[in-house]
Amino acid sequence: MTHDVILIGGGQAALSVAYFLRRTGRTFHILDAEPAGGGAWQHGWDSLRLFSPAAWSSIAGWPMPPTGDTYPGRDHVVDYLRAYEQRYALPVERPVQVSAVVHDDQGFAVQAGDRTWAARTVVSATGTWRKPFVPEVAGLAEFTGTQLHSAHYRRPDAFAGQRVMVVGGGNSGAQILAEVSLWAAQTLWVTPQVPAFLPDDVDGRVLFERATARWRAQQEGRSVDVLPGGFGDVVMVPPVVDARARGVLASVRPYAHFTRDGAVWADGTQRSFDAVIWCTGFRPALDHLAPLGIVQGGQVAVDGTRATGTPGLWLVGYGEWTGTASATLVGVMRSARSTAAEIDAYLAR
Ligand code: FAD
């Protein structure tokens, strides 16, 4: 059978596109590497919370059920995404780890080990969680302490009594520092520049409002340079407010190099650490597109979400380069809707 659309990835981005594809009557099939639904959310740390309320964290068609907490936790998001798949009876096959996408006479052959699916079009929605990013640092290979990326961080008590460096000035860095500092003997927060904090009386909604303002400006051809920033600003969720009150949120600029037991700064300061937690972000998981020869510098040339050099391929949910706020639950809706409409028009040619 040749599907009209194969979606690679079964997280929030793919589910959002699937919601709009259902309305077109096109045949589609979702291949997801996870054994269960929820995308990257199922790998979040135990205390991970949304930085916006449930009502501002829904994907198309079905509002996220409210919880007693202002900011829903990881498990609530996972339950919502799993229930969403059931609610719309979305055809998800898992676990299937797609290894390659190649051209064939129908459009594309999507391969996973010795299995192949034929598709007229493909949506890549594989997210970034599988590509945690750690910067190259001189001497890091000699460091004998523990290293952990936020993608694999789970609980703070694993660092009880330790000297811990947390690297990265975004929401992950601030939230992990806030809880590890309650257990560690000492913490040091290292950020490339002074972190930007949202005012206490706003939450992640303002980030989405900013994203919408940037999106409108782009649509109207206005400069976004004068508009406030994107998603890097730290949302003052209660644990981060508490960490500030404890004096933990002071950060320093990065080290010059690592040593066997710590790091050295340009002024000669040396500090020893038992562990480093890298909250240094992610890169798009695009290895499966390598056979198409279109991945350059970790991205693919797109117009909106449509791959400009590969007719019939769309990329959804990877962040700003595939649509303003597209790596967020509520933000991916715009690009999911336009992607489904473009696919329908493409197949109708
Ligand atoms: P994922 O959720 O990563 O889903 C991609 C799916 O594709 C996964 O199931 C994966 O297994 C699968 N996959 C990958 N490669 C393959 C392959 N080759 N073959 C088959 N399947 C594959 N967003 C918000 O809206 N609000 C927040 O408060 C918020 N907080 C966040 C906090 C943290 C710490 C992080 C890291 C992100 C946060 N985000 C938040 C962003 C957003 O929730 C995630 O980026 C989200 O998981 C992106 O969804 P996705 O569907 O694009 O990717």
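A polar contact, as the term is used here, is a pair of N or O atoms within 3.5 Å. The tour below passes through a predicted model, and it begins at the ligand, where this definition is needed.

**Stop 1: the ligand**

Select the ligand together with Val98. A nitrogen atom of the ligand lies 2.9 Å from a polar backbone atom of Val98; because the cut-off is 3.5 Å, this pair is a polar contact. Next, add Ala13 to the selection. Here a polar backbone atom of Ala13 is 2.9 Å from an oxygen atom of the ligand. Then display the side chain of Arg130, which places a polar atom 3.1 Å from a ligand oxygen. With the protein surface switched on, the enclosure of the ligand can be examined: on its own the ligand has 1000 Å² of accessible area, and the protein covers 89% of it.

Now widen the selection to the shell around the ligand. Which of its 30 residues come nearest? They are Asp32, Ala40, Phe51, Val98 and Leu329. Val98 thus appears both in this group and in the backbone contact with the ligand nitrogen. Colouring the shell by residue class shows 16 nonpolar, 11 polar and 3 charged residues.

**Stop 2: the loops on either side of strand E3**

Select Arg94 and Pro95. The peptide bond joining Arg94 and Pro95 is cis, with omega of about -5°. Pro95 belongs to the loop between strand E3 (92-93) and strand E4 (100-104). Then move to Ala89, in the loop between helix H2 (74-87) and E3. Although Ala89 is not a glycine, its phi is positive, at about 45°.

**Stop 3: the parallel sheet**

Display the strands as ribbons and find the open sheet of 5 strands, whose order is E7-E14-E8-E9-E10 and whose pairing is parallel. Why is one side of E7 and of E10 left without a neighbour in the sheet? Strand E7 (146-149) and strand E10 (251-252) stand at the edges and each has a single partner strand, so one side of each remains unpaired there. To inspect one of the pairings, select strand E9 (residues 186-190) with E10: the two run in the parallel sense and are joined over 2 bridges. Val190 stands opposite Val252 of E10.

**Stop 4: the antiparallel sheet**

Proceed to the open sheet of 3 strands in the order E11-E12-E13, where the pairing is antiparallel. Strand E11 (257-258) and strand E13 (270-272) are its edge strands, each pairing on one side only. Select E11 with strand E12 (residues 262-264) to view their antiparallel pairing over 2 bridges. His257 stands opposite Val264 of E12.

**Stop 5: the second largest pocket**

Finally, select Trp215, Gln219, Gly304, Gly323 and Thr324; of the 16 residues lining the second largest pocket, these lie nearest its centre. The pocket holds about 300 Å³ of space. Helix H4 (204-219) and helix H6 (332-347) are the elements that give two or more residues to the lining. Which element supplies the largest share of this lining? H6 does, with 4 residues. Coloured by class, the lining of the second largest pocket comprises 2 nonpolar, 10 polar and 4 charged residues.

Technical notes. Residues are numbered from 1 along each chain as its sequence is written. This is a predicted model: local features need pLDDT of at least 70, side-chain atom pairs count only at pLDDT 80 or more; totals for chains, interfaces and linings use all residues. Side-chain values use heavy atoms; hydrogens and water are left out. A residue is near a molecule or strand if one of its heavy atoms lies within 4 Å of it. A polar contact is a pair of N or O atoms within 3.5 Å; within protein, one must be able to donate a hydrogen and the other to accept it, and residues adjacent in sequence count only if both atoms are side-chain atoms. Accessible areas come from the Shrake-Rupley method with a 1.4 Å probe; for residues, only the protein chains shown count as cover. Ala, Val, Leu, Ile, Met, Phe, Trp, Tyr, Cys and Pro count as nonpolar, Asp, Glu, Lys and Arg as charged, and the others, Gly among them, as polar. On a 1 Å grid over the protein atoms alone, a cavity is a set of points where a 1.4 Å probe fits but cannot get out, and a pocket is an open set with protein on both sides within 12 Å along at least five of seven lines; lining residues have an atom within 4 Å of a point. Grid points are joined across faces, edges and corners, and a volume is the space filled by probe spheres set on the points. Two strands pair if DSSP finds at least two bridges between them.
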